[in-house]
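Visitor: I should like to learn how the features of a structural model are read. Could we take them one at a time?

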Amino acid sequence: MTTSPLARGLQKGIETTWILAKAIVPAYLAVYFLAKTPVLEAISRMAEPLLGLVGLPGEAALPLVLGMVVSLYTGIGALAPLDLGAKEATIIAVILSVAHNLPVETAVTRQMGVSVWFALAVRLGLAAALAFIMHLVWRV
Amino acid sequence: MGWAEAATAIWQAGKEAGVTVLTMAAIVIPLMVAVEFLREWRVFDRLSARLAPGVSRLGLSGHAAFPLAAGAVLGLSYGSGLIIDSAREGRLTRREAYVLTALLAPCHAIFEDTLLFVPLGVNPFLLLAVRAGGALALTLVLARLWQSAAGPGIPPAGGPGGRASGEPASGPASRSARRTSL
């Protein structure tokens, strides 16, 4: 840590932006192309009943799945093109911030000697519970 | 779809993705600079010292305070790099590793993760409050359950003295974590 905090911050910020860009651009393209095929619609229809429980439309399935499985950045990239209200965006943000990058991060907690199932149950359970509570409490 | 349509879709998607990336850059870069200044001024170290009495309420020893603060603020694998380190040196019990995971797995890198959602119109204070509040509540419940199940007899994972709380452990885990910021 010999460099100044300003230089370190700039470097970290640019690195993060680069990671974001690499994840966001492909996610955007995927959403745009999937939107023109029946795939997105099929996924949305399947996810609709489940997502409806927490007040989300079926189309929220894609950013949620991408965020949980691939990375938070990819999830955000797939979320940005969707036209959602503040409540829906916030509920998705809560779910994704609690449960993202699951394969990688669960491997990390496993290194601490914590069971994979425990880590997954905590994250997915908490995400679902918080989303459900927000949906109940937040009346627009 | 035809070629023209495909080209339009790519152009449209690329343009919007570009705007999103630039918006994120405008938020993320100044934030990172601010976080680095806070670290330079040792705000996080002082924070972890302040946290030490609080973590006992979660059934954690003071040794867990610094890994906890590091994970919450800087990211999961950075924090767990410290936790794994502490666990190997026998300063953390198995129960403490589980308590830390219950808290940190859902709630880490709280500034970076939260700010990523701001360009999408999400209120960062609300998001952070819900996320941190939920993780804390869950951890308190689990800590209480485990405490009563295991009895108060669990030794506080004592080794001689704690890590000097100033410098974070540097290892492959912490270095890579800083880069990828999980």
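**Reading a two-chain helical model**

Guide: Let us begin with a loop. Asn101(A) lies in the loop between α5 (86-98) and α6 (102-110) of chain A. The model is a predicted one.

Visitor: What is the phi of Asn101(A) near?

Guide: The general idea comes first. Most residues other than glycine have a negative phi. In this structure, the phi of Asn101(A) is near 45 degrees, a positive value in a residue other than glycine.

Visitor: Is Asn101(A) buried or exposed?

Guide: Asn101(A) counts as buried because it has 23 C-beta neighbours inside 10 Å, and 20 or more are required. Chain B offers a further case: Ala109(B) lies in the loop between α5 and α6 of that chain. The phi of Ala109(B) is near 45 degrees, again positive in a residue that is not glycine. With 23 C-beta neighbours inside 10 Å, Ala109(B) also counts as buried.

Visitor: How many helices and strands are there in chain A, and how many in chain B?

Guide: Chain A has 7 helices and 0 strands, and chain B has 8 helices and 0 strands. The C-alpha atoms of chain A occupy a box of roughly 55 × 40 × 30 Å along the principal axes. Of the 140 residues of chain A, 46% count as buried; in chain B, buried residues make up 43% of 182.

Visitor: What share of the contacts with a separation of 6 or more joins residues 24 or more positions apart in chain A, and in chain B?

Guide: Such pairs account for 66% of those contacts in chain A and for 73% in chain B.

Visitor: How far apart are the ends of helix α2 of chain A, and what span should its residues give?

Guide: The idea is to multiply a rise per residue along the helix. At 1.5 Å a residue, the 15 residues of α2(A), residues 38-52, should span 21 Å, and the end C-alpha atoms are 20 Å apart, so the two values agree. The helix nevertheless has a kink of about 40 degrees at Met46(A), shortly before the proline Pro49(A).

Visitor: How many residues of helix α3 of chain A are buried?

Guide: In α3(A), residues 61-69, 7 of the 9 residues are buried, so the helix is largely enclosed by the rest of the structure. The buried residues are Ala61(A), Leu62(A), Pro63(A), Leu64(A), Leu66(A), Gly67(A) and Met68(A). They pack against α1 (5-36), α2, α4 (72-79), α5 and α6 of chain A.

Visitor: Which residues touch the most other members of the largest nonpolar core?

Guide: In soluble globular proteins, nonpolar side chains tend to be buried together. Here the largest nonpolar core holds 85 residues, and those touching the most other members are Ile24(A), Ile92(A), Val94(A), Ile95(A), Leu68(B) and Val99(B). Leaving out residues up to four places away in sequence, Ile92(A) touches Leu56(A), Ala60(A), Pro63(A), Leu64(A) and Leu79(A). Two of these contacts, Pro63(A) and Leu64(A), are among the buried residues of α3(A).

Visitor: How many residues of chain B are in contact with chain A?

Guide: There are 51 residues of chain B in contact with 48 residues of chain A. On the side of chain B that touches chain A, two or more residues come from each of α1 (3-40), α4 (76-88), α5 (94-104), α6 (110-116) and α7 (124-150) of chain B. The helix α1(B) gives the most, with 19 residues. By class, that side of chain B has 33 nonpolar, 10 polar and 8 charged residues.

Visitor: Which residues does Met32(B) contact, beyond four places in sequence?

Guide: Met32(B), which lies in α1 of chain B, is in contact with Gly9(A), Lys12(A), Gly13(A) and Thr16(A). Met32(B) counts as buried because it has 25 C-beta neighbours inside 10 Å. The C-alpha atoms of Met32(B) and Gln12(B), 20 residues apart along the chain, are separated by 30 Å.

Visitor: Where in chain B is the confidence lowest, and where is it highest?

Guide: Where pLDDT is low, the predicted coordinates should not be read in detail. In chain B, the lowest mean, 37, belongs to α8(B), residues 172-180, and the highest, 90, to α7(B). Over residues 151-182 of chain B, pLDDT stays under 50, and the model has 56 contacts beyond four places in sequence for them. The mean pLDDT of chain B is 74, with 75% of its residues reaching 70 or more. For the complex, the predictor gives an ipTM of 0.82 and a pTM of 0.75.

Key
Residues are numbered from 1 along each chain as its sequence is written. Chains are lettered from A and ligands numbered from 1 in the order in which they are written. This is a predicted model: local features need pLDDT of at least 70, side-chain atom pairs count only at pLDDT 80 or more; totals for chains, interfaces and linings use all residues. Two residues are in contact if their C-beta atoms, placed from the backbone, lie within 7 Å. Helices (H or I, at least four residues) and strands (E, at least two) are DSSP runs, numbered from the N terminus. Ala, Val, Leu, Ile, Met, Phe, Trp, Tyr, Cys and Pro count as nonpolar, Asp, Glu, Lys and Arg as charged, and the others, Gly among them, as polar. The expected span of a helix is 1.5 Å times one less than its number of residues. The bend at a residue is the angle between axes fitted to the seven residues ending there and the seven starting there. A residue is buried if 20 or more other C-beta atoms lie within 10 Å of its own, exposed if 12 or fewer, and partly exposed in between; C-beta atoms are placed from the backbone. A nonpolar core is a set of buried Ala, Val, Leu, Ile, Met, Phe, Trp, Tyr and Cys residues joined through C-beta atoms within 7 Å. pLDDT is the predictor's confidence in each residue, from 0 to 100.
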